[in-house]
Amino acid sequence: MTDRRLWSYKDIAAHIRVQPDTVRSYRKHGLLPSPDHVEGGKPYWYADTIRAWVTARPGNRGRRD
């Protein structure tokens with residue numbers, strides 16, 4: 001099952017528990033995957049894209065809820 005919801009910087013930040021500006025910085029420094037969709041100049045990513053990135057990114061410590 002694929003999750004086709006589009007996430008903004010705010011949604012990604014909430015998922016990884018950081019501020020939205022931190023996510024913007026990740027993109028600026030090439031640490032975030034390319035957006036899956038751009039609307040009105042704003043980037044969006046599919047939830048599954050971000051979940052895959054989170055598990056593969058360096059420094060992932062397997063945080064618990």
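## A walk from the sheet to the helices

Start by selecting Leu-6: in strand 3, the bridge partner of Leu-6 is Tyr-46. Keep in mind as you click around that this is a predicted model.

Now widen the selection to the strands on either side of that bridge. Strand 1 covers residues 6–7, and it pairs with strand 3 in the antiparallel sense over two bridges. Next, pick up strand 2, residues 37–39, which also runs antiparallel to strand 3, here over three bridges. To see one of the links, select Val-38 and look across to Pro-43, its bridge partner in strand 3.

While you're here, stop at the hairpin that joins strand 2 and strand 3. Two residues sit between the strands, and Gly-40 takes a positive phi near 60°.

Zoom out a bit and show the three strands together. They make an open, antiparallel sheet in the order 1-3-2. Strand 1 and strand 2 are the edge strands, each pairing on one side only. Helix 3 packs on this sheet and touches strand 1 and strand 3, with its direction at about 75° to that of strand 3.

Before moving on to the helix, turn on side chains for strand 3, residues 42–46. In a regular strand, side chains alternate between the two faces of the sheet. Which residues of strand 3 point to one face and are buried? Pro-43 and Trp-45 do and are, whereas Lys-42, Tyr-44 and Tyr-46 point to the other face and are not buried.

Last stop: select helix 1 (residues 9–16) along with helix 3 (residues 47–56). Their axes come within 11 Å and cross at roughly 40°. That angle is why helix 1 counts as oblique to helix 3. Rotate the view and you can check the handedness: the crossing of helix 1 and helix 3 is right-handed.

To see what fills the contact, show these side chains:

- from helix 1, Ile-12, His-15 and Ile-16
- from helix 3, Ile-50, Arg-51, Trp-53 and Val-54

Colour them by residue class, and the contact of helix 1 with helix 3 splits into five nonpolar residues, one polar and one charged.

Note on methods. Residues are numbered from 1 along each chain as its sequence is written. This is a predicted model: local features need pLDDT of at least 70, side-chain atom pairs count only at pLDDT 80 or more; totals for chains, interfaces and linings use all residues. Side-chain values use heavy atoms; hydrogens and water are left out. Axes are lines fitted to C-alpha atoms, for helices over the stretch in contact, and angles run from 0 to 180 degrees between N-to-C directions. Helices (H or I, at least four residues) and strands (E, at least two) are DSSP runs, numbered from the N terminus. Angles under 35 degrees count as roughly parallel, over 145 as roughly antiparallel, 65 to 115 as roughly perpendicular and the rest as oblique. A crossing is left-handed if the near helix is turned anticlockwise from the far one by less than a right angle, and right-handed if clockwise. Contact means heavy atoms within 4.5 Å. Ala, Val, Leu, Ile, Met, Phe, Trp, Tyr, Cys and Pro count as nonpolar, Asp, Glu, Lys and Arg as charged, and the others, Gly among them, as polar. Buried means under 20% relative accessible area, exposed over 50%, partly exposed in between (1.4 Å probe, protein chains only). Two strands pair if DSSP finds at least two bridges between them.
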